[in-house]
Amino acid sequence: MHRMAHRPWGTYEVLLEDGQYKIKRIIVKPGSKLSLQKHFHRNEHWIVVSGTATVTVGEKTFLVRPNQSTYIEMGEMHRLENEGKIDLVMIEVQLGEYTGEDDIVRVKDVYGR
């Protein structure tokens with residue numbers, strides 16, 4: 001059963017969850033960004049389907065375009081942004097001992113969460 005969640009920056013849908021991994025489809029609206037955050041119990045792989053992602057990992061910021069991917073290691077500070085004019089659509093694969101939404105430590109959040 002797919003689970004859709006609406007956030008100020010867009011939506012995500014859990015496509016598959018099984019023990020130590022979770023697969024999500026994430027849509028980030030143009031001009032929106034997720035919080036600067038880190039996780040203690042999971043690594044993440046981000047694959048861009050359409051649009052262009054502006055990705056911050058640690059001190060580095062770079063672009064990820066369709067059919068490209070990046071890896072976020074457990075404990076690394078990271079952020080996902082859509083500075084473009086169309087929706088950013090991506091697939092996120094989370095791997096780790098725990099993939100719950102409460103394993104998010106927000107450092108900066110423009111939405112005050």
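Modeller: Two strands are said to pair if DSSP finds at least two bridges between them, and by that criterion β6 and β7 are an antiparallel pair with five bridges. Please keep in mind throughout that this is a predicted model.

Colleague: How many residues lie between β6 and β7 in their hairpin, and which residue in the turn has a positive phi?

Modeller: The two strands form a hairpin with two residues between them, and G58 in the turn has a positive phi of about 60°. As for the register, V57 has K60 as its bridge partner in β7, while in β9 the bridge partner of V57 is H78. Strand β6 is thus also joined to β9, antiparallel and by four bridges.

Colleague: Which residues of β6 lie on one side and which on the other, and are they buried or exposed?

Modeller: The general idea is that in a regular strand the side chains alternate between the two faces of the sheet. In β6, A53, V55 and V57 are on one side, T54 and T56 are on the other, and all of them are buried, which leaves both faces of the strand covered. Put as a count, five of the five residues in β6 (residues 53-57) are buried.

Colleague: Let us turn to the open sheet; in what order do its six strands lie?

Modeller: The order is β1-β2-β3-β10-β5-β8, with antiparallel pairing. At its edges are β1 (3-7) and β8 (69-72), each of which pairs on one side only, and from one strand to the next the twist averages 20°. Starting from the β1 edge, five bridges join this strand to β2 (residues 10-18), with R7 standing opposite G10, and a hairpin of two residues makes the connection between them. Strand β2 then pairs with β3 over eight bridges in the antiparallel sense, with T11 and I27 as bridge partners; here too the strands form a hairpin with two residues between them, and G19 in the turn has a positive phi of about 65°.

Colleague: How many bridges does β3 share with β10, and how many does β5 share with β10?

Modeller: Strand β3 (residues 21-28) pairs with β10 over eight bridges, and the antiparallel pairing of β5 with β10 also runs over eight bridges. To find the register on the β3 side, look for Y21, whose bridge partner is L95, and for K24, which stands opposite E92; on the β5 side, S50 stands opposite V89.

Colleague: Why is β10 described as largely enclosed by the rest of the structure?

Modeller: The description rests on residue burial, where buried means under 20% relative accessible area. Seven of the nine residues of β10 are buried, so this strand is largely enclosed by the rest of the structure. A single residue can be read with the cut-off in the same manner: E44, in strand β5, has a relative accessible area of 2% and is therefore buried.

Colleague: Where is E83, and is E83 buried or exposed?

Modeller: E83 lies in the loop between β9 (78-81) and β10 (88-96), and with a relative accessible area of 59% this residue is exposed. Its side chain nevertheless makes a polar contact of 2.9 Å with that of T54. The C-alpha atoms of E83 and K29 are separated by 9.0 Å, with their positions 54 residues apart along the chain.

Colleague: What is unusual about the phi of N67?

Modeller: Most residues other than glycine have a negative phi. N67, although not a glycine, has a positive phi of about 70°; this residue is found in the loop between β7 (60-64) and β8, and counts as exposed at 77% relative accessibility.

Colleague: How much space lies in the largest pocket, and which residues lie nearest its centre?

Modeller: Rolling a probe the size of a water molecule over the atoms shows where empty space is left. In this model the largest pocket holds about 250 Å³ of space, and of its 21 lining residues W9, L34, Q37, E101 and I104 lie nearest the centre. The elements giving two or more residues to the lining are β3, β5 (42-50), β9 and β10. By class, the lining has nine charged, seven nonpolar and five polar residues.

Conventions. Residues are numbered from 1 along each chain as its sequence is written. This is a predicted model: local features need pLDDT of at least 70, side-chain atom pairs count only at pLDDT 80 or more; totals for chains, interfaces and linings use all residues. Side-chain values use heavy atoms; hydrogens and water are left out. Buried means under 20% relative accessible area, exposed over 50%, partly exposed in between (1.4 Å probe, protein chains only). A polar contact is a pair of N or O atoms within 3.5 Å; within protein, one must be able to donate a hydrogen and the other to accept it, and residues adjacent in sequence count only if both atoms are side-chain atoms. Axes are lines fitted to C-alpha atoms, for helices over the stretch in contact, and angles run from 0 to 180 degrees between N-to-C directions. On a 1 Å grid over the protein atoms alone, a cavity is a set of points where a 1.4 Å probe fits but cannot get out, and a pocket is an open set with protein on both sides within 12 Å along at least five of seven lines; lining residues have an atom within 4 Å of a point. Grid points are joined across faces, edges and corners, and a volume is the space filled by probe spheres set on the points. Ala, Val, Leu, Ile, Met, Phe, Trp, Tyr, Cys and Pro count as nonpolar, Asp, Glu, Lys and Arg as charged, and the others, Gly among them, as polar.
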